[in-house]
Amino acid sequence: MTAELWIGPAASGKTTACIRLVREVKAQDPLAPVTMLLPDRRQAASFRRRLAFDGGTIHAEVGTFGDLYREVLLLSGQHVMLASDPVILRILRTCIDQALQSGRLVYFAPIAHRPGFLKMLHDRFGELQRADLVPDPFRQTAAGRGPALEEMAELYTLYQQTMRDLGWDDLYSMNQRALQVLRSTPGVIQHLKAVVVDGFESFNPAQVEALALAANQVRQLVVTLPGQVDWQRVVFYRFEKAASLLQERIPDLQIHSPRQETYLTGPLKAIERDLFESVIEPFSGKADVRMLEARSPVEEARQALRWVKARKIRNDVRLFDCAILVPEIERYRPLLVEAAAEFHVPIRFTQGSVLLSSPPIAALMDFLHLPVFNWPRQLVLDSLHSPYLDFPAAGTIDRITDRLEEVSMFGQVVEGLSQWEETLQRLAAADPDKVQPDRLSLQDLPSGEDAKELWAYLEQLASFLHPPETGTTTAWVTWLEDLLEQVSFFKNCESSLDQAAALELREVLRSLVLAEHVAGDQTESYADFLQELEAVLETTSFQEKVDWKQPAVQVLTLLEARGMRYKAVAVLGLAEGIFPGIEREDPFLDETIRRDLGLEPRIERSQEGLFYLALTRSDRFLLLTRPTLAEDGETWEPSAYWQMVSQILLEKPIEFPSGAPEQLEFAASEQEFLFRLVQNGGIPGDFFGGLESRWEQLQFTSSILQERLARIPAGLHEGDLTEAAPMLTERFGPSHVWSASRVEQYAQCPFEFFAGSILGLEAQEPPVPGMDAAQLGSLLHAVLEETYKLAEDPSDPGSVLQALEKISAESFEAAPLTYGFRPTAYWELEKSEFKAILENVIRVLGERQRSSGWVPRVYEAFFGMRGAPPLQVKDQDDIFLFRGLIDRVDVSTEGELCIIDYKTGSSHLSKRDLVESRRLQLPLYAMAASDCLKLGQTTEGLYWALRRNEAGSLLLSSFRAELDGKEYSGIQGALQLAREHAGRHIRSIRAGKFHPQPPSDGCPSYCPAAAWCWRFNPGRWK
């Protein structure tokens, strides 16, 4: 019996030597059984193809360690009952419940049934089993090291005992059982002529133990590892650790180095030779090795697939022989899928997607959670909109989901069927001609029988999704399968990817039923069943069904690439934080515990070895890429690995985009070809090949883009509607009655006015509990006005405060229905706060009255509305009409007027805001009080910030400003400036000048153009 370790650099022919050894053994004894062990199924399939290509053999088994363990158990007469993930998770839940009931689980009790906790236990227990660690040593190590570790050891013991009692294995307990057979039955695999282990770069303790036991039974054991006998290079540290473990357990291990030279040539050989060496010999990569700096992972994915497509077309490299290696598969998966579809390059991922991330499964889980989350508004609407779920129609109502969304906005529906019911019943009994104060007219909403039908529809949906209170898993699965049939879920999964997810869901549901039969019936609530289902979906992956005979580019992780060879390899993500990845301690099993238990460390894992293997997977072409900009726009630093390779190659990395127009022949799709035509200014027409119409559309699009990228907005697509001036002049002619707020909106940003006042658009925010700023302002205004009206003596603060008691109680009670909002749990506290604010306002204004002599005279003075004449403002030769509502007019002993305008917020109440025309309301209201309402001569005006309980800094009597060389002084100067501002803005509106003009302190979030304006610049807004 011999045991040999073959060590050689990457691409030095170790796999070829293994195949030669197998053939030599077979030449001596054609029926001699030989086993080859590879890291995974994909590498086993590759080894099998190479073995068959060299002539094939009989009795040569190619598989993984798991296959060897199964064979050992079968040879010993032991049956293998391998549990699936749902069965394992159910058993874990059973163990957790037992520990909770017996009081042995306290530290983890708050998160014991969370899906994440189950997944963590599943992963950590797998690690312990791969280390061939039985419960007792773990419990001994955990003793006295804190409740977290002690409870994990307790659960591990329970889990192992439960699995043994049930007679089931997981992948790793099967390994442990097989190792026990190898220890107790030395001759179980002595019939094997040879065991060849190839393609590994490291071994876990269980694998090392299996090889040590096999070395004493089989006639010949051969293990290969990348590296060199002296292990001097940094890139070999990872492999040296594996060799040391083998030497410790197999004392007679013979070390051979069949070949020290690689079969690599040119720049690839130079990279392999000098990687992470202190002394290097720079070498030209020529056209075979390239380094490319892209702006983002999106560009990385596109450049990698463009490069692969070029290798296929220009160098006749088969897609089978191309691979893309990524350090984080989920970061790059959607990016590669999108680029591959555009470039028409088929790709194949070796790892499936998480089932819970599939759109149909995610939509289904959202739907199932509706009663658990108390029917939240958005989740209800999303479920009704979902293309994967069909629901019965609601009588004669059209656009059911759209109508329900309108209803929810009107009634401020946040969550709960009771809120839907209350709103729809209110609409069913409402007068359609009555306009509500929340800007939504009943004429635009369902009412009467339509509203009743909508509520009947929601009631039907609620009964449709009305699960029993409790049930067994089998009962829950039966209920769910019936529900899926009723909503035509499987029928609506039409694409091949959705069908793959749906098929995997069926398997998950079957596994859940099997898990209950294994672990025993357990009655659980609907929420518990959903938690269990979600935990399984999070640990289950699925893949689209593909024809493996069809050529496709392989997308692998760096570890999966070990032992594989390709003609063209692209390695992505060579930036800090991606590769090498950031190493962090395990929060559940720290490095000290891992060392004591013999587990693989989480830090200092010698990622240089993985990088070495990745760079040596190619026989000819190699591409390395990295992103240069992070998501926040900051520079993304290159990794040390990138810098190491850039020192070896004479050529500098290629920057993409370079700034120069890209050559047309490097376009990988029609879209890119046309884009580069734009960059290059076009080409002769006979070169278009049927793309003329798309080229013309691109030219038009390009002109729009240039307008929108210009520093100063100009042109038809940036708000220049001068061609529509006649129509605008007619619409906003002399008879049009303006409001101050509309002119202020134009002054703030002409494009906001265009979107809101001309197009009639409104920014609609989803309903949330509580009042918004506008509703609060309306409420406080109304309470103050009604309070002063009710007070017997408005000049006496005591009398006003007495009236406030009655008015505030009535107004606050009716406020939710009047203003259309859902009170929060803090509504009672908020009412006290609002009342206190108003009391302070009344007191401070009362003190101001006594000191200044001003006495309240008029409240809610309308002009231009409710039969009152409009204000006429003359500027140049134009007369403009205005309407409005003056909150309060005070009068002095001399009969002079002071205009007070209440403001809930405290911003934009200064002199500067009038100078810059952002606030025109106060001077316009001052004009209206004197000229339109004939209340007297206005000599003062101010804004009063209710919440801060103070006047704004703008006082009309003391106004002073100089603008364009012209001085404006006192109240008359303020009024004159307001006239000029209003006239200029209205004439600009009639002229069609609506260029975007973001305010200096940022655009308000409620701007109706926020979602699509190119100039939108979000800022702080009060």
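How many helices and strands does the secondary structure of the protein chain come to? The count is 36 helices and 26 strands. The model is a predicted one. The legends below start with the whole chain and then move to close-up views.

**View 1. The whole chain spans about 125 × 75 × 55 Å along its principal axes.** These spans are those of the C-alpha trace. The chain has 1022 residues, and 52% of them count as buried. Its accessible surface comes to about 46800 Å². Carbon and sulfur atoms account for 51% of that surface. Now take the contacts between residues at least 6 apart in sequence: 74% of them join residues at least 24 apart.

**View 2. The largest nonpolar core holds 98 residues.** Which of its residues touch the most other members? They are Phe138, Phe367, Leu368 and Phe489. Helix 21, residues 496-519, gives the most to this core, with 10 residues. A second core is separate and has 78 residues. Phe65, Ala243, Val571 and Leu610 are among its members.

**View 3. Phe138 and the residues it touches.** Leave out residues up to four places away in sequence. Phe138 then touches Leu128, Leu133, Leu149, Met152, Ala153 and Tyr156. It also touches Leu589 and Leu597.

**View 4. Glu201 and Arg238 form a salt bridge.** The closest N and O atoms are 3.0 Å apart. Glu201 sits in the loop between strand 4 (194-197) and helix 9 (205-215), while Arg238 sits in helix 10, so the pair ties together parts that are 37 residues apart in sequence. Are these two residues buried or exposed? Glu201 is buried, with a relative accessible area of 1%. Arg238 is buried as well, at 13%. The cut-off is under 20%. A search of the whole structure finds 61 salt bridges.

**View 5. A salt bridge joins Glu672 to Arg306.** From N to O the distance is 1.7 Å. Glu672 belongs to helix 26 (residues 670-680) and Arg306 to helix 12, so this pair ties together parts that are 366 residues apart in sequence. Glu672 counts as buried because its relative accessibility is 8%. Arg306 is buried too, with a relative accessible area of 8%.

**View 6. Helix 12 runs from residue 297 to residue 315.** How far does helix 12 reach from its first C-alpha to its last? The reach is 26 Å over 19 residues. That is close to the 27 Å expected at 1.5 Å a residue. Asp316 follows the helix, and its phi is positive, near 55°.

**View 7. Glu718 and Arg708 meet through their side chains in a salt bridge.** The N to O distance is 3.9 Å. Glu718 lies in the loop between helix 27 and helix 28 (725-731), and Arg708 lies in helix 27, so the pair ties together parts that are 10 residues apart in sequence. Glu718 counts as buried, at 4% relative accessibility. Arg708 is partly exposed, at 27%.

**View 8. Leu705, Leu709 and Trp1014 form a nonpolar patch on the surface.** Together they have about 310 Å² of accessible area. Leu709 lies in helix 27, which covers residues 692-709. Leu709 counts as exposed because its relative accessibility is 53%, and the cut-off is over 50%.

**View 9. A network of salt bridges links five residues: Arg124, Glu127, Asp586, Arg594 and Arg602.** Three are arginines, one is a glutamate and one is an aspartate.

**View 10. The peptide bond from Phe579 to Pro580 is cis.** Its omega is near 5°. Where is Pro580 found? It is in the loop between strand 15 (566-571) and helix 23 (591-597).

**View 11. Trp231 and Lys286 each have a positive phi.** Neither residue is a glycine. Phi is near 50° for Trp231 and about 50° for Lys286. Trp231 is in the loop between strand 5 (220-226) and helix 10 (237-249). Lys286 is in the loop between helix 11 (266-274) and strand 7 (289-294). Trp231 counts as buried, at 11% relative accessibility. Lys286, at 62%, counts as exposed.

Technical notes: Residues numbered from 1 in each chain as written. Predicted model: local features only at pLDDT ≥ 70, side-chain atom pairs only at ≥ 80, totals over all residues. Heavy atoms only, no water. Patch = residues over 30% accessible without salt bridge, like charges linked within 9 Å, V, L, I, M, F, W, Y side chains within 5 Å. Areas by Shrake-Rupley, 256 points an atom, 1.4 Å probe, with all protein chains shown as cover. Salt bridge = Lys/Arg side-chain N within 4 Å of Asp/Glu carboxyl O. Helix = DSSP H or I, 4+ residues; strand = E, 2+ residues; numbered from the N terminus. Buried < 20%, exposed > 50% of the residue type's maximum accessible area, 1.4 Å probe, protein only. Expected span 1.5 Å × (residues − 1). Core = buried A, V, L, I, M, F, W, Y, C linked by side-chain atoms within 4.5 Å. Contact = heavy atoms within 4.5 Å.
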